Amino acid sequence: MSKEVNAGELRTSVCFVHNEKNTDGEGVTTFSEVDIFGCPIRCKWVNAHGTEIFAAMQQSIQEPATITCRYSPRIQKDQLVYKAGDPTPYEIISMDNVEEKSRWLEIKVKRRGAAR
C-alpha cells in the first residue's frame with residue numbers, strides 16, 4: 001500500500017466515467033458514459049501479485065489492481081475506470097483517502113465481468 005507517491009510514478013493514464021441516463025422524445029431510455037474529468041488523468045497502477053492473487057481467486061475477483069492518484073471529490077465508488085488503450089472497464093471495489101489528508105486516493109479495482 002502506497003502512502004506517498006512520487007510524481008514520476010504517475011505513469012498510467014486512466015479515465016473515470018459514470019453512466020448518465022437519458023430519455024429521448026419517444027420515452028426510450030438510453031445510457032451513455034461520461035468522463036468526469038473530460039480527459040485522462042495520471043495515476044500509479046499496480047496489478048495484484050503474490051498472495052493477493054490467491055485471496056482474489058477465493059472471492060472470485062478477476063484481475064485485481066490498486067490505483068493511486070491525486071485526491072478528487074469527483075471520484076465516487078459507483079464509477080468505472082478505463083485504463084488507457086483497454087476497452088474493458090474496471091469496477092471500483094474500495095477507495096481510501098490516504099490518512100484522511102485529501103492528498104492521495106488509493107483505489108482497489110477489479111475487471112468488470114460479463115453479466116451472468
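This report covers the fold, strand pairing, core, aromatic pairs and cysteines of one chain.

**Overall layout**

The model is predicted. The chain has one helix and seven strands. Read from the N terminus, the order of elements is β-β-β-α-β-β-β-β. Of the 116 residues, 34% count as buried. The accessible surface comes to about 7600 Å². Carbon and sulfur atoms account for 49% of that surface. Contacts reach far along the sequence: among those between residues at least 6 apart, 58% join residues at least 24 apart.

One long-range approach involves Val98, which sits in the loop between strand 6 and strand 7. Val98 counts as buried because its relative accessibility is 4%. Its C-alpha lies 8.8 Å from that of Glu4, although 94 residues separate Val98 and Glu4 in sequence.

**Strand 1 and its partners**

Strand 1 covers residues 12-23. It pairs with strand 2, strand 3 and strand 5. The table gives each pairing, along with one pair of bridged or opposite residues.

| Partner of strand 1 | Sense | Bridges | Residue pair |
|---|---|---|---|
| Strand 2 (residues 29-35) | antiparallel | seven | Glu20 and Ser32 |
| Strand 3 | antiparallel | three | Ser13 and Arg42 |
| Strand 5 (residues 80-83) | antiparallel | four | Val14 and Lys83 |

Strand 1 and strand 2 form a hairpin with five residues between the strands. In this hairpin, Gly27 takes a positive phi near 85°.

Thr12 belongs to strand 1. Is Thr12 buried or exposed? Thr12 counts as buried, because its relative accessibility is 18% and the cut-off is under 20%. Leaving out residues up to four places away in sequence, Thr12 touches Ile41, Arg42, Cys43, Trp45 and Lys83. Two of these names recur in the pairings of strand 1: Arg42 stands opposite Ser13, and Lys83 is the bridge partner of Val14.

**The nonpolar core**

The largest nonpolar core has 16 residues. Phe16, Trp45, Cys69, Val81, Ile107 and Val109 have the most contacts inside it. Which elements give two or more residues to this core? They are strand 1, strand 3 (41-47), strand 4 (65-70), strand 6 (90-97) and strand 7 (104-111).

Cys69 shows how these parts meet. Beyond its neighbours within four places in sequence, Cys69 is in contact with Phe16, Ile41, Arg42, Cys43, Ile75, Arg103, Trp104, Leu105 and Ile107. Phe16 and Ile107 are, like Cys69, among the residues with the most contacts inside the core.

**Aromatic pairs**

The structure has two aromatic pairs. Phe16 and Phe37 are edge-to-face, with 6.4 Å between centres and 75° between planes. This pair links distant parts of the chain. Phe16 is in strand 1, Phe37 is in the loop between strand 2 and strand 3, and the two are 21 residues apart. The two rings differ in exposure. Phe16 counts as buried because its relative accessibility is 1%. Phe37 counts as partly exposed because its value is 24%.

Trp45 and Tyr90 also form an edge-to-face pair, at 5.0 Å centre to centre and 75° between the planes. Trp45 lies in strand 3 and Tyr90 in strand 6, so the pair ties together parts 45 residues apart in sequence. Both Trp45 and Tyr90 are buried.

**Cysteines**

How many disulfides does the structure hold? It holds zero. Why is there no bond between Cys43 and Cys69? The closest cysteine sulfur to that of Cys43 is in Cys69, 6.3 Å away, and this is too far for a bond. The cut-off for a disulfide is 2.5 Å between sulfur atoms. Cys69 is in no disulfide, and its nearest cysteine sulfur is that of Cys43.

Cys43 is buried, because its relative accessible area is 0%. Cys69 is buried too, because its relative accessible area is 1%. The two residues are nonetheless in contact. Cys43 also touches Thr12 of strand 1, while Cys69 touches Phe16.

Note on methods: Residues numbered from 1 in each chain as written. Predicted model: local features only at pLDDT ≥ 70, side-chain atom pairs only at ≥ 80, totals over all residues. Heavy atoms only, no water. Core = buried A, V, L, I, M, F, W, Y, C linked by side-chain atoms within 4.5 Å. Buried < 20%, exposed > 50% of the residue type's maximum accessible area, 1.4 Å probe, protein only. Contact = heavy atoms within 4.5 Å. Pairing = 2+ DSSP bridges. Phe/Tyr/Trp six-rings, centres within 6.5 Å; stacked < 30°, edge-to-face > 60°. Areas by Shrake-Rupley, 256 points an atom, 1.4 Å probe, with all protein chains shown as cover.
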